Amino acid sequence: MVSIRDIARMATVSPASVSRILNNDPTFSINDNTRQRVIEIANRMHYSKDASKKGPRYNHDSMSIGLILRHNLEAELQDPYFHEIRRGIEQEAAKWRIRVIKAFGMRDSEKDWDQLSQFGAVVMVGEMTQPAIDKILAQNKNLILVDSYAKHDGVDAIRTDFAEKTAEILTKLYELGHRRIAFVGGESSIVRPDGSVVRDENEIRAMSYRNWMKLHDLPAQTKIGQWTPESGMQLTRQILSEGTQPTAIVVASDPMAMGVYKAINNAGLRIPDDISVVSFDDVEMTQYLVPALSSVHMEAEEMGRTAVKLARDRMIEPHKMVLHLVCGSQLKLRESVKKEN
């Protein structure tokens, strides 16, 4: 149930002003545009003076967000990046008194698509195929995509600048004298409507790496596997067994970088004296790695918060222009990188 305070927060006016506007107080003088905005928000949110006097606060789904997640809670704990996005969504929604309800997981074989029409907006974290996007839009036009890189016309999307940041890392390593630079990453995967997954090696960081190496006429050494420490370790073993040892390795995620560290150490090599390492995510767990891991820091929580802000704007006053937001990250160079002699 939407209250006067909820409407006041959305319209950026005081609760007293909302009350006097909705009660048609003839003695209250206020800008006509503000008056109209308050009335439109109240109508969109199905505000009722009688219903607001009793019953639970949230019995209308116009002020709720349906959440579609790529990972379950267990998988999120193994990948803090997605956990932080979800936390940002929940915290920002609580700030605006908006409910967040998990509609279903992308990989669920059975999905209740029809329920999506009951929400004020839908936020999806991860990648689904165009037919899946179309099924969602058929039920709810207020769709916000988070961490989505495929082209979906007519849909708001929030994504990282990791492709550009990969090029920045490679340029920095090149300036430090590195020419034999390898890449360790995970598969890109897009989920179909039935929950099955389409996988390939064209993940945004891997693609950026290949393009940059080709542009600079350098040999690419790409290893793609699972997004786990174990896979990072196995892929690095393969790199070290191929004869030409790289002077630097770019890793697509911090969990994988933990495995990269272990493989390098097990081979009797030292970081960064023998091999420099740069990664992505800058998660808290990597503070225990020695030497300190250089990594790209992304405010993942802020990505989640931004998704809720877009969803809120869509619920209050749908806009005609589609928004594609690129979130900037920061490369933090630490002890795991050194100049190549």
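**Exercise 1. Helices α9 and α10**

Show why α9 and α10 are oblique to each other, and identify the residues that make the contact.

*Solution.* The model is a predicted one, in which local features need pLDDT of at least 70 and side-chain atom pairs count only at pLDDT 80 or more, while totals for chains, interfaces and linings use all residues. Residues are numbered from 1 along each chain as its sequence is written, and side-chain values use heavy atoms, with hydrogens and water left out.

Step 1: locate the elements. Helices are DSSP runs of H or I with at least four residues, strands are runs of E with at least two, and both are numbered from the N terminus. Helix α9 covers residues 229-240, and helix α10 covers residues 254-266.

Step 2: describe the packing. Two packed helices are described by the angle between their axes and the distance between the axes. The axes are lines fitted to C-alpha atoms, for helices over the stretch in contact, and the angle, from 0 to 180 degrees, is taken between N-to-C directions. For α9 and α10 the angle is about 45° and the axes are 6 Å apart.

Step 3: classify the angle. Under 35 degrees counts as roughly parallel, over 145 as roughly antiparallel, 65 to 115 as roughly perpendicular, and the rest as oblique. The pair α9 and α10 is therefore oblique.

Step 4: assign the hand. A crossing is left-handed if the near helix is turned anticlockwise from the far one by less than a right angle, and right-handed if clockwise. The crossing of α9 and α10 is right-handed.

Step 5: list the contact, defined as heavy atoms within 4.5 Å. The residues of α9 that take part include Pro229, Met233, Leu235 and Leu240, and those of α10 include Pro255, Met256, Val260 and Ile264.

Step 6: examine Gln234, a residue of α9. Its relative accessible area is 45%, so Gln234 is partly exposed (buried is under 20%, exposed over 50%, partly exposed in between, with a 1.4 Å probe and protein chains only). Gln234 and Met256 are separated by 22 residues in sequence and by 9.9 Å from C-alpha to C-alpha.

**Exercise 2. The ring pair of Tyr81 and Phe162**

Classify the ring pair formed by Tyr81 and Phe162, and place it in the structure.

*Solution.* Step 1: apply the criterion. Rings of Phe, Tyr and Trp (its six-membered ring) pair if their centres lie within 6.5 Å; planes under 30 degrees apart count as stacked, over 60 as edge-to-face and the rest as tilted. The structure holds 6 aromatic pairs. In the pair of Tyr81 and Phe162, the centres are 6.3 Å apart and the planes stand at 40°, so the pair is tilted.

Step 2: place the rings. Tyr81 belongs to helix α5 (residues 80-95) and Phe162 to helix α7 (residues 162-175), so the pair ties together parts 81 residues apart in sequence.

Step 3: check the burial. Tyr81 is buried at 8% relative accessible area, and Phe162 is likewise buried at 2%.

Step 4: extend the view. Ring pairs join Tyr81 and Phe162 with Phe82 and Phe280 in a cluster.

**Exercise 3. The partners of α5 and α7**

Describe how α5 packs with α11 and how α7 packs with α8.

*Solution.* Step 1: α5 and α11. Their angle is about 40° and their axes are 6 Å apart, an arrangement that is therefore oblique. The crossing is right-handed. Tyr81, Ile85 and Ile89 are among the α5 residues in the contact, and Met303 and Val308 are among those of α11.

Step 2: α7 and α8. Helix α8 (residues 204-215) packs on α7 at about 40°, with the axes 8 Å apart. These helices are therefore oblique, and their crossing is right-handed. Phe162, Leu170 and Tyr174 are among the α7 residues that meet α8, whose residues there include Ile204, Tyr209 and Trp212.

Step 3: Arg314 in α11. Helix α11 spans residues 300-316 and holds Arg314, which is buried at 10% relative accessibility. Leaving out residues up to four places away in sequence, Arg314 touches Asn142, Ile144, Asp156, His319, Met321 and Val322.

**Exercise 4. Charges over rings**

Identify the rings over which the charged ends of Arg179 and Arg312 sit.

*Solution.* Step 1: the criterion requires NZ of Lys or CZ of Arg within 6 Å of the ring centre and within 35 degrees of the ring normal.

Step 2: Arg179 places its charged end over the ring of Tyr174, 3.5 Å from the centre. For Arg312, the ring is that of Trp96, with a distance of 3.9 Å from its centre.
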